[in-house]
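I open this notebook to keep track of what I look up as I go through the model. My entries move from the surface to the disulfides and then to one sheet.

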Amino acid sequence: DDFSYGLVLDSKNDVFITGLTKGSTNLSTPGAVQVTFGGGSEDGFIAKFAPCPKNFALISSNNSPVCTGKSLDISASGGISYTWSNQNLTLTNPSVLNSGRYTVTVTDMNSCTDTISTLVTVHSLPVVTTSSNSPVCAGNQLNLNATGGISYFWSGANGFVNNNQNPVLQSVTSLNSGTYTVTVRDTNNCT
């Protein structure tokens, strides 16, 4: 049998309840003061009700925005268990389809919960188009062309490097024959 005798609200808005537990089992109430009357047992108790804290969940990392194919890492802190609403916390090969709001429910050691969310953006890779006027005869110019970004880095035969969008190689020789590669960076810093 449990009896409550009173509720108290202190100056910090903490709520306390006082009461008594009775029983012939001689079980004690942890943290209570044991008082014995006439062979029976009664435990007096004072319990403090601690409301759950607000806003204790934190997004501790979110490397968004990322480009398609780059690792996306999201993590939360503030508790002992975490339940995410969207997929995995680390996506090693994310696509634009992984963009959106990720929500996590954080539970602390007192079983209090807090929910927080973060926005994730995964940018698509630039759509690159390349062309050239190859094949060309020795002594003519080779025109390399690329579109789809805001910066370009070309590399190729005979140690060729160039950061122009459309470089021109003048008076080419057989040493200029080979594969030419361009790395294109877009406005989202994706390559």
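Before anything else I fix my terms: I call a residue buried when its relative accessible area is under 20%, exposed when it is over 50%, and partly exposed in between, with a 1.4 Å probe and protein chains only. I keep in mind that this is a predicted model, where local features need pLDDT of at least 70 and side-chain atom pairs count only at pLDDT 80 or more, while totals for chains, interfaces and linings use all residues. I also note that residues are numbered from 1 along each chain as its sequence is written, and that side-chain values use heavy atoms, with hydrogens and water left out.

**Entry: a surface patch**

I looked up Leu 9 and found it exposed, because its relative accessible area is 56%. Its place is in strand β1, residues 2-9; strands are DSSP runs of E with at least two residues, numbered from the N terminus. Leu 9 joins Leu 7, Val 15 and Phe 49 in a nonpolar surface patch of about 410 Å². For such a patch I take residues with over 30% relative accessible area and no salt bridge, the nonpolar side chains (Val, Leu, Ile, Met, Phe, Trp, Tyr) being joined within 5 Å and like charges within 9 Å. A salt bridge here is a side-chain nitrogen of Lys or Arg within 4 Å of a carboxyl oxygen of Asp or Glu, and the areas come from the Shrake-Rupley method with a 1.4 Å probe, where for residues only the protein chains shown count as cover.

**Entry: the disulfides**

How many disulfides does the structure hold? I find two, taking a disulfide as a pair of cysteine sulfur atoms within 2.5 Å.

In one of them, Cys 52 and Cys 112 have their sulfur atoms 2.1 Å apart, and the link is left-handed, with -80 degrees about the S-S bond. Cys 52 lies in the loop between β4 and β5 and Cys 112 in the loop between β10 and β11, so this pair ties together parts that are 60 residues apart in sequence. Cys 52 is partly exposed at 41% relative accessible area, whereas Cys 112 is buried at 4%.

In the other, Cys 67 and Cys 190 have their sulfur atoms 2.0 Å apart, and the torsion about the S-S bond is about -95 degrees, so this disulfide is left-handed. Cys 67 lies in strand β6 and Cys 190 in the segment after β18, so the pair ties together parts that are 123 residues apart in sequence. Both Cys 67 and Cys 190 are buried.

**Entry: a three-stranded sheet**

I then turned to an open sheet with the order β5-β7-β9 and antiparallel pairing, where β5 and β9 stand at the edges with a single partner strand each, so one side of each is left without a neighbour in the sheet. Pairing requires that DSSP finds at least two bridges between two strands. I count four bridges between β5 and β7, with Ser 61 opposite Ser 75 and Asn 62 partnered by Ile 74. Two bridges join β7 to β9, and Leu 72 has Leu 91 as its partner there.

Which side chains of β7 are buried? Leu 72, Ile 74 and Ala 76 point to one face and are buried, while Asp 73, Ser 75 and Ser 77 point to the other and are not.
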